[in-house]
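Q: Could we go through this structure together, one topic at a time? I would like short answers that a beginner can follow.
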Amino acid sequence: MKLKFAAAAVAAVFSLSAQAQTEIQWWHSMTAVNGEVVNDLAKNFNASQNAYKIVPTFKGTYDESFTAAVAAFRAGNAPHILQVFEVGTATMMASKGVSVPVGKVMKDSGEKFDPKAYVSAVAGYYTAPNGEMLSFPFNSSTTVFYFNKDAFKAAGIDTTKAPGTWPEVALAAAKLKASGHKCPLTIAWQGWTQLESFSAWHNVEFATKGNGLQGMDARMKVNSPLHVRHIENLANMAKQGLFVYKGRANVPEASFISGECAMTTTSTGFYGNVAKNAKFAWGLAPLPYYPDVPGAPQNTVIGGASLWVMGGKKADEYKGIAQFFNYLSKPDVQAATHQRTGYLPITTAAFQLTEKSGFYEKNPGTDVGVNQMIRKTTDKSRGIRLGNYVQIRTIEDEELEQVWGGKKSAKEALDSIVLRGNELLDRFEKANKK
Amino acid sequence: MEKRVVFRSSWLPWVLIAPQVVVIVVFFFWPAAQALLQSVQQSDAFGTSVEWVGLDNFRNLWNDATYLASFYTTALFSTLVAVLGISISLMLAVFADRIVKGALVYKTLLIWPYAVAPAVAGVLWLFMFAPSVGVVSYWLRAFGVDWNHLLKGDQAMTLVIMAAVWKQISYNFLFFLAGLQSIPKSLIEAAAIDGARPWRRFWTIVFPLLSPTTFFLLVINIVYAFFDTFGIIDAATQGGPGKDTSILVYKVYYDGFKAMDLGGSAAQSVVLMVIVVVLTVVQFRFVEKKVNY
C-alpha cells in the first residue's frame, strides 16, 4: 500500500512536469517474457511521441483481470484498454455500452486504418457480423503438437517427421510404451484442443450458427459421429496407458517439460517455455488429424486474447488509443512482437517481414501455428464465440474427465456436453436479448 | 438464584452493544440482503442491464441435475469433515491434556495449521498427493495403491476432506483442551478411587462434561464445511474429476467470481443460507437436548 502511495506521489510529480500528456490505462495479463514485451511496447510508443502516455498494469490471470475490470467498471473507473481472453469475447460483445468497437475508435480519430491489412483468420474472430472490428487482436495463439525427440529415438521411432495423423500418434504411443515410457501422450487444454480446435481442423461444426459467430442462437454440435470416434479413440488410449490425463487447462504442460510425457497437444504460446526449459531435443508439429475425413486438415482455431477499448472516455483519449493501435500494427513492431512471444502475427505484412528475415528457418517449428491459421477459413472453422463460454469450458473438462476415468462412454459424455452447454447458451441468449 | 445486572440508563445498553450490532449488520445482514435481492435479478457481467426475473434463477437450479447431485456431495463432505475433525481433535486434546513434558511444543504444533489460509492448505496437500511428483502418492504406489485423484472421484474426495479436516483440527483442539482443563480433577480422581478404568472414566465423566464444547464445535464445523472450504477445493481439485468434489459453496464461488453469473450465484447462496439455518435450528432443537451444561 505504501509503495502504491509512493508510486502515485512520484507519478503526480512527473505528470506536473508533463501536463500535456494524456494517460491511457492498459490492463493486461501477460507474465514472464510476454510481460516484458508489453512493457517494452508501451515504453517505445511513449518515446515515439509525447502527446500520450500508455500505462500498462498487470492485473493477474485472464479471469482475474476480467473480474477486476468488471468491478472497476461498476465503480466507474474502468481502464481505457482491457486485454480479454477469447473465452470472454461473447460476453464483451453482448454487454452493450461497455466497450467501443475498435473500428469506430479508429474512424473517429481520423487515423489511417485498413481492416484488410490484418490476417483474416485472426481479425475475423474479433469482427462483428457487419464487418466492424470490435477488439484489437493483440496476442493470438492456436493449438499445436509437441514431441520429445529423445524419447522417440529411444523407442526407435523416426524423429525427422512428427506423427501427423491420429493413427500415427497411437502407433508412436504404443512404441513408446513398449520401450518402457510411462506417459506417451498427454493433452493440455483438452476442450480447446480435442473438441474446439479438433472441429475446425476437420471442418465440422462445434456449434451451429458458424460456431456462434453469426448469432447468439447457436447450439452445441459436439456429439457428431466424428467427435464420438475421436473421444472413443482417446478413451481407448487412456485405458491402455498410451494417453495419460494430467489435469485441466495448461497443467499437463509441466509433464512434457519434465520429460515425463513424450507427446502433448497445447497452445503455440507454450513455445517460449519449451525453448527455454526443455532439457531434451524436441519438435513442434501441426495438430494430428484423421486422414480419411474429407476437408481435413482445414485450419485450427484461434485462442489468446484481444484488446478492448472501454466506453465512456474522453475523445482525446480515444485518439491516443487509436494511435497506439496503429503503432502496434506497424510491420516492424508487429513482427518483433510475434518473434519474441510465439503469438501469431496479426498483419500479413508482419508475417511476410518475419518470413523474409529468415526467422522461421532459423527457428524450426515457429511457423507451424502460422501455417495452420493463415488459410482460407470456412464458416465451420472461423472460430468459436459462445456465451457463457467459461462455464462451457468447465463442462467440457468435467465430462471428458469422466470418459478418461472410464465412468462414461464417449457418446454419453458428448451428449451431456451438448445438453448442459445448450442450457447455458439458451440462458445467455435470453439474458442478452433486448 | 439468578444474578442480573440492571442498567438504570435506557440508552447505555444500546451504546454498549452498538459495535457488535454494527459488525453484524455490515458483515452479515447487509450481504445477506444483497444476496436475496440479486437472487431474483439477472444482470450481464458488467451490470449494465438488470432485469427482474422472479424465481427464474431458482428454477434453473432446480432443473440442473448436477446441482442436485452436489447436495449429496456436500452432505458427504460436510459430515465427514465435521465428524473426523471433531473426533481426531478430541483424541489429540485428551492426549495433550495428559502430557507433562514438552506440552507447550506439542500444543503449538497442533495450533499451527490454523494460521494457514485455506487455499494454501489445498496446495500443500495437492503437492503431497500429486500423482506424478507427490511424496505421498509415491509411497502409496510402493504399497500398491494407484493414487490418481485427477481421475478417481473417491480419492479426490479423500484429498479435500483430509485438507479440510487438517485445517480445522487446531480450532477444535483448542476448544477441547480448554474444556478438558475445566473439568474438576476431583471428579476423575473419585472415579479412579472407585475403580473406574481410564476408558470408562472418559465415557462416563469426561465426554458428558465436554458435551457443550462438542455441540458448539459440531455447529461451527458444519458451518465451516459448508462455507469456508471453497479455497481448498479450488486449489486442490477445482470440483473435479467431473463434479465429484464440487460442493455447493464451490459452485457459488465459481459461478459468481469466475463465470460472472451473479444472479445464479446469489440464488445458490440463498439456498445455502437456508440449509445452514435449518441445520442449525435442528441442531439446537434436537442435539442440544443431549447436552449437559
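Q: Which strands form the open sheet in chain A, and in what order?
A: Four strands form it in the order β7-β8-β6-β9 (chain A), and the pairing is mixed. Strands here are DSSP runs of E with at least two residues, helices are runs of H or I with at least four residues, and both are numbered from the N terminus. Two strands pair if DSSP finds at least two bridges between them.

Q: Which strands stand at the edges?
A: β7 and β9 (282–285) of chain A do; each has a single partner strand, so one side of each is left without a neighbour in the sheet. On average, neighbouring strands of this sheet are turned by 20° against each other, direction ignored. Such angles are taken between axes, which are lines fitted to C-alpha atoms (for helices over the stretch in contact); in general they run from 0 to 180 degrees between N-to-C directions.

Q: Is this model predicted, and how is everything numbered?
A: This is a predicted model, in which local features need pLDDT of at least 70 and side-chain atom pairs count only at pLDDT 80 or more, while totals for chains, interfaces and linings use all residues. Residues are numbered from 1 along each chain as its sequence is written, and chains are lettered from A and ligands numbered from 1 in the order in which they are written.

Q: Back to the sheet: how many bridges link β7(A) and β8(A)?
A: β7(A) and strand β8 (residues 261–267) of chain A pair in the parallel sense over four bridges. Cys183(A) has Cys261(A) as its bridge partner in β8(A), and Thr186(A) has Thr264(A).

Q: Which helix packs on that sheet?
A: Helix α8 (residues 166–178) of chain A does, touching β7 and β8 of chain A, and its direction makes about 135° with that of β7(A). Contact means that the C-beta atoms of two residues, placed from the backbone, lie within 7 Å.

Q: Why is β7(A) described as largely enclosed?
A: Five of the five residues of β7 (residues 183–187) of chain A are buried, so the strand is largely enclosed by the rest of the structure. A residue is buried if 20 or more other C-beta atoms lie within 10 Å of its own, exposed if 12 or fewer, and partly exposed in between, with C-beta atoms placed from the backbone.

Q: New topic: what does chain B contain?
A: Chain B has twelve helices and two strands. Of its 293 residues, 34% count as buried.

Q: Where is Val219(B) found?
A: Val219(B) is in helix α9 (residues 198–227) of chain B. This residue is partly exposed, with 17 other C-beta atoms within 10 Å. Leaving aside neighbours within four places in sequence, Val219(B) is in contact with Thr280(B) and Gln283(B). The C-alpha atoms of Val219(B) and Phe284(B) are separated by 8.9 Å, although the two are 65 residues apart along the chain.

Q: Finally, how many residues does each chain give to the contact between them?
A: The contact takes 28 residues from chain A and 20 residues from chain B. On the side of chain A that touches chain B, α19(A) gives the most, with seven residues. By class, that side has eight nonpolar, eleven polar and nine charged residues. Ala, Val, Leu, Ile, Met, Phe, Trp, Tyr, Cys and Pro count as nonpolar, Asp, Glu, Lys and Arg as charged, and the others, Gly among them, as polar.
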